[in-house]
Amino acid sequence: MNKTVIVSNRLPVDLKYIENTLVVKSSTGGLATGMKSVHSEGNGIWVGWSGLAEENMNDAQKVEVDNALAVEKCVQVPLTNSDIDNYYYGFSNTALWPLFHYFQAYTEFESSHWQSYVEVNQKFADVVLQQVNDGDTVWVHDYQLLMLPEMLRKKNPTLTIGFFLHIPYPSYELFRTCPWRNELLQGMLGADLIGFHTYDYARHFISSVSRIKGIEVNFNEISYENRIIKVDSFPMGIDYDRYHNAALEHEKYPEDSKSELMKSIDFHNKSNDESKLILSIDRMDYTKGIPNRVKSFEYFLNKYPEYKGKVRLVMLAVPSRENVAQYQLLKRETDELVGRINGDLSTISWTPIWYFYRSLPFDELIDLYVASDVAMVTPVRDGMNLVAKEYIATRTKDTGVLILSEMAGAAKEMHEALIVNPNNFDQIADSLKEALEMPALEQKTRLDALQKRISRYDVERWAGEFLKSLKAAKDTVPVQVAQKLTPSKIKDIATNYKLAKRKLFLLDYDGTLAGFKNNPSDAIPTQELYDLLDKINEDDSTEIAIISGRDRKTLESWFGHKSYTLVTDHGAWLRKVGGEWGVLDQMKSNWKENIRPVLEAFTDSTPGALIEEKEYSLAWHYRKSDNDMAALRTMELKHVLKSLLINNTLSVLDGNKVLEVKNSNINKGRAATRILADTNYDFIFAIGDDWTDEYMFEEVPDSAYTVKVGNIKTAAHYYINYSTEVLPLLRDVTGS
Ligand code: GDG
């Protein structure tokens, strides 16, 4: 049976040697909880770093750690102190973390850190690859392992690979500053499904992929290297019941079993009827907006001095990444700020800020949640922020107000919180006042809605939804109806070509006989192409038909002097060998007068776009335009055109970087049928690259050799990857 392997930087167990004895504690963190059922299922395992550096253990201890981890269904990736310094503190936390949180000034791009990042990702890949069997699922977590999906796919393409980013994905403008942007994207694109907390992060990622790698993106699907990669948002939830039930339990605690912390809080509450607690909990990280929060609390006290002596900010800052210089600076700044404010405002009976720089046991964390009247969650940038959700889960008495930064991913789904801009002190001060004075009914109404949502979309549901989508993403990879043209198949075709009596080649031009150029008029036939086609055409039993979307004038200027059949304007005009031009479908083109001004307006507002006028169609090319802008404009243009094309006589063809308005009755399939009607061919070979060629593939007899250029969904029997393979293929088939 296939299994699921979870991979994250740290394992969900905490290992420590205390006086030479290994102490193992399993983690109760959000991710570990969410993954519990996935991890415990069948032979599922978790791969990650144990937290103990290689050099700090002797051989016996290494074995002991392996064995202890095996009991927890975990496998460790051995890392050295230098790995930790360069891959973790280095590239992950001084390049990616600040960059992805919009702290560009803190971002350091060190090539030695980058090198280590790649090496350590490879170490993870090696361990995972030892653990998996063909067909297994691997779910990779977070920014420390961006290279891993591709490393895994390269070695084992049968794996189903999911990737989830727990932090924000920044805008293209920021991401592009990274010297290794291409490599990082390439790494992530090894996954079948790439998940983010919010739609905005997903959108930024897609924009980077399309602009940096120039890859075709269709809504949330990226077509890349013969695969479809899905990108979607999965807002992470919490273990709601754990927090909610813990809060219920706390209310029942008899006085004597309360923690010291809770007793102090109770004492404070009793000291003043109007006393209120405002809660702040985070890792000590510059993204969390701790100094701003403290300053805005001071601002509030000065703006609304009636609250002095009544409200307290209880601030828990958990030590984090203390080796990184920016974190040391932040700690100093916070210490000084809190010291100054408390020094300025404290009275004998009141201290405005209670500041804890430490990690608290779960029970005391719940004490804080339960006791607080307001939670102030105001990061300057945060992927999701689980504290906001945990606070809501602990509200068991229909009271409590959440003030939430609009810069946290959580703000996208917690609309009933008081949403603030963490840099706007006036707004925060007013929101604090509003929160402290909020009528009970309003508190309840807001909490009801929040609790309903957070309890429904909990962390287990999150994990389940991700894995469901991952399975679907893998399954919806286009069922490969077309087969890749192999050398042996080409040999077969060549043999049949030799044996056949009447042979026909239906050849598309742009993207097939010629590669794409930025300007369509530059894609003129090469001498190599002329020579090859002439060579094939020397055989009297072979007929060449060039079947193109180009206009008659252009195609005639290129091939008019040759004895080939020519089809132009997507099938509007036909000239048989030695014959005259004839219209395949009589139609009017006075509609152009209405459509042209629309295309002109869009051309003016889309740098790089141009209009090509053909006898029976108008084409709007955007190959030279910025990808994102063009995607937006084509969407708008299609919408406008749709409202203009009131009857069925016109249609819009969505080609390769071109929109073409043309008469609905014209297509390459009808043109092909017309060519086939006159002669009994016993060898037909049709080749083309875009979806206008699909009509041709559909109309030719099933016995024809139909070849798509590019491995995307097609009605053709075979495919090749690139237009550069077309001439060699024609040479091989005809022996020219
Ligand atoms: C990253 C992203 C995203 C805090 N202090 C103590 C303690 N905690 C627990 C909280 C909460 C967790 O730590 C913090 O989670 P956050 O989501 O707030 O923040 P990050 O650590 O930065 O997490 C973030 C998250 O990944 C998930 O994808 O939401 O945006 O930055 O669960 O309760 N727990 C205990 N004692 C403490 O003192 N026991």
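Strands are DSSP runs of E, at least two residues in length, numbered from the N terminus. In this predicted model, one such strand is β11, residues 227-233, and K230 lies in it.

**Domains**

The chain is divided into four parts: domain 1 (4-233), domain 2 (240-456), domain 3 (483-585 + 666-734) and domain 4 (592-663). Domain 3 is written as two segments, 483-585 and 666-734. Taken over C-alpha atoms, the centres of domain 2 and domain 4 are separated by 54 Å.

**Two buried residues**

K230 has a relative accessible area of 18%, which is under 20%, so K230 counts as buried. The side chain of K230 is joined to the side chain of E221 by a polar contact of 3.5 Å. K230 also has a partner far off in sequence: K474 is 244 residues apart from K230 along the chain, yet their C-alpha atoms are separated by 9.0 Å.

Q443 sits in helix α16, which covers residues 440-456. With a relative accessible area of 12%, Q443 falls under the 20% limit and is therefore buried as well. What does Q443 contact, leaving aside its neighbours within four places in sequence? The residues in contact with Q443 are D398, T399, G400, V401 and M438. For M438, there is also a polar pair: its backbone oxygen lies 2.9 Å from a polar atom of the Q443 side chain.

The table sets out the values for the two residues.

| Residue | Element | Relative accessible area | Polar partner and distance |
|---|---|---|---|
| K230 | strand β11 (227-233) | 18% | E221 side chain, 3.5 Å |
| Q443 | helix α16 (440-456) | 12% | M438 backbone oxygen, 2.9 Å |

**Cavities**

Rolling a probe the size of a water molecule over the atoms shows where empty space is left. The structure holds four cavities of 30 Å³ or more, and the largest cavity has a volume of about 370 Å³. This largest cavity is lined by 25 residues, of which D510, F516, H621, V658 and D690 are the closest to its centre.

Which domains each supply at least three residues of the lining of the largest cavity? They are domain 3 (483-585 + 666-734) and domain 4 (592-663). Strands β26 (650-655) and β27 (658-663) each give the lining at least two residues. By residue class, the lining of the largest cavity has twelve charged, eight polar and five nonpolar residues.

Conventions
Residues are numbered from 1 along each chain as its sequence is written. This is a predicted model: local features need pLDDT of at least 70, side-chain atom pairs count only at pLDDT 80 or more; totals for chains, interfaces and linings use all residues. Side-chain values use heavy atoms; hydrogens and water are left out. On a 1 Å grid over the protein atoms alone, a cavity is a set of points where a 1.4 Å probe fits but cannot get out, and a pocket is an open set with protein on both sides within 12 Å along at least five of seven lines; lining residues have an atom within 4 Å of a point. Grid points are joined across faces, edges and corners, and a volume is the space filled by probe spheres set on the points. Helices (H or I, at least four residues) and strands (E, at least two) are DSSP runs, numbered from the N terminus. Ala, Val, Leu, Ile, Met, Phe, Trp, Tyr, Cys and Pro count as nonpolar, Asp, Glu, Lys and Arg as charged, and the others, Gly among them, as polar. Domain bounds come from an automatic or database domain assignment. Buried means under 20% relative accessible area, exposed over 50%, partly exposed in between (1.4 Å probe, protein chains only). A polar contact is a pair of N or O atoms within 3.5 Å; within protein, one must be able to donate a hydrogen and the other to accept it, and residues adjacent in sequence count only if both atoms are side-chain atoms. Contact means heavy atoms within 4.5 Å.
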